[in-house]
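Trainee: I have a new structure to read. Please walk me through the sheet and the interface.

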Number of protein chains: 2
Amino acid sequence: MTKTIAFVVYPGLTILDLIGPLQVLSQLSSFAPEYEVVTVAASSEPAPTDTPLSIVASRTFAEVPDPWAIVVPGGLEPTLRAMADETLLGYLRNPAIELATSVCTGSLLLGAAGLLEGRRATTHWMFRSKLSRFGATPVAERWVEDGPVITAAGVAAGIDMALHLAERLTDAATAQTLQLLIEYDPQPPHGPIDWDSVDYAAWASVPEASVKSALADHPALLERLL
Amino acid sequence: MTKTIAFVVYPGLTILDLIGPLQVLSQLSSFAPEYEVVTVAASSEPAPTDTPLSIVASRTFAEVPDPWAIVVPGGLEPTLRAMADETLLGYLRNPAIELATSVCTGSLLLGAAGLLEGRRATTHWMFRSKLSRFGATPVAERWVEDGPVITAAGVAAGIDMALHLAERLTDAATAQTLQLLIEYDPQPPHGPIDWDSVDYAAWASVPEASVKSALADHPALLERLL
């Protein structure tokens, strides 16, 4: 039986959150034909992203009512606003979904859908502490697997999470082949992030300001997140 | 004066080739307002990609006739076919372009446009030896800068190249801030690619078969690349 992995598209998402895992997993069916990868959205109209590029999902929510797994990308204000989108949250809450995954602040959408209650989870470093507002235990890891929920850290972490997921769904050799094909042999010019040098205080106003701006018309969510 | 960085979209491209550098550089103007990032395509119709997602560029070639820089993504057969697309090649050949960059087999398009003659360059590892057919010297590096041309290795290498480019256009601190914002702190589950363990012979038929299939109707290009 086909297991459909649905990548969830909504307006304004951070595009690399979506594309990192989509690029990794789109070749999965060449190695494990039982998996089918689709992108799904409320409509088939082009959706804006956080970059000068719009995207069109391959299917609508109605056309893929019962995915086996979902991948939920994040973003900044548009993602916070999506926490009040009952059509989107309803799609995420479908009990038929056996595996719910997210990248970056996509985990806030999982949280808003009630899927993080009592679970360990992660998100973009700027928003990590907010996960507790949804009953989750925030964890500073690249990705966190807790039962049927896998959450990844910010943006680029979706690539690492997807390679882990590919291995879980197949085996290590297949995941490493997928890594080879996309030449994921990272060489950031100045090496990995030096977390000890990050000026967290200087960034602290960003999540607060974006929550206030995005959720001004949704007092219950605003209070929950501030 | 505004310097426009145009990400070139064409049907069937490998989506992470485009999105890796687009995600990095789309925030550049927040730090260096003289740069403007756009995506450009021959038409404003949705273009298919190598994944179940279509994309719509923000502008047409006609709307951005003289970009300051271009970023050319690669792909498999659709990219090889694009080597015969004179509209696309004409756009790349514009002498107004001061900086030509590519990701993955996007460098084959730069080569077909005559931009790699006498230059050091790189591409996806499977296609690296093909660069010599365009008068280039193939180099096995993550990215290669030779005068006004920067080429990146396969797919995910576009992220590293874009961070290098961001630093070149601003400074190291800005590039590292962009890296922090997209949380590019790579942790491939099994570490980087172990190139010594790659079975190159097993993959050797892939570029040959794709060249033959994609360029069957273009004998001159076919002969050049086989």
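Mentor: We take the sheet first, then the contact between chains.
This is a predicted model: local features need pLDDT of at least 70, side-chain atom pairs count only at pLDDT 80 or more, and totals for chains, interfaces and linings use all residues. Residues are numbered from 1 along each chain as its sequence is written, chains are lettered from A and ligands numbered from 1 in written order, and side-chain values use heavy atoms, without hydrogens and water.

Trainee: In what order do the 7 strands of the open sheet in chain A lie?

Mentor: Strands of a sheet pair through backbone hydrogen bonds, parallel or antiparallel. Here the order is β5-β2-β1-β6-β7-β11-β10 in chain A, with mixed pairing. Strands are DSSP runs of E, at least two residues long, and two pair if DSSP finds at least two bridges between them.

Trainee: Why is one side of β5 and of β10 in chain A left without a neighbour in the sheet?

Mentor: β5 (59-60) and β10 (143-146) of chain A stand at the edges, so each has a single partner strand. For β5(A), 2 bridges lead to β2 (35-41), and the two run parallel. A:Ala41 faces A:Thr60 there.

Trainee: Which strand of chain B is joined to β4 (53-57) of chain A?

Mentor: β4(B), antiparallel, through 5 bridges. A:Ser54 stands opposite B:Val56.

Trainee: How many residues of each chain are in contact?

Mentor: Contact means heavy atoms within 4.5 Å. 60 residues of chain B touch 60 of chain A.

Trainee: How many salt bridges does the rule find across this interface?

Mentor: A salt bridge puts a side-chain nitrogen of Lys or Arg within 4 Å of a carboxyl oxygen of Asp or Glu. Between chain B and chain A the rule finds 0.

Terms used:
Helix = DSSP H or I, 4+ residues; strand = E, 2+ residues; numbered from the N terminus.
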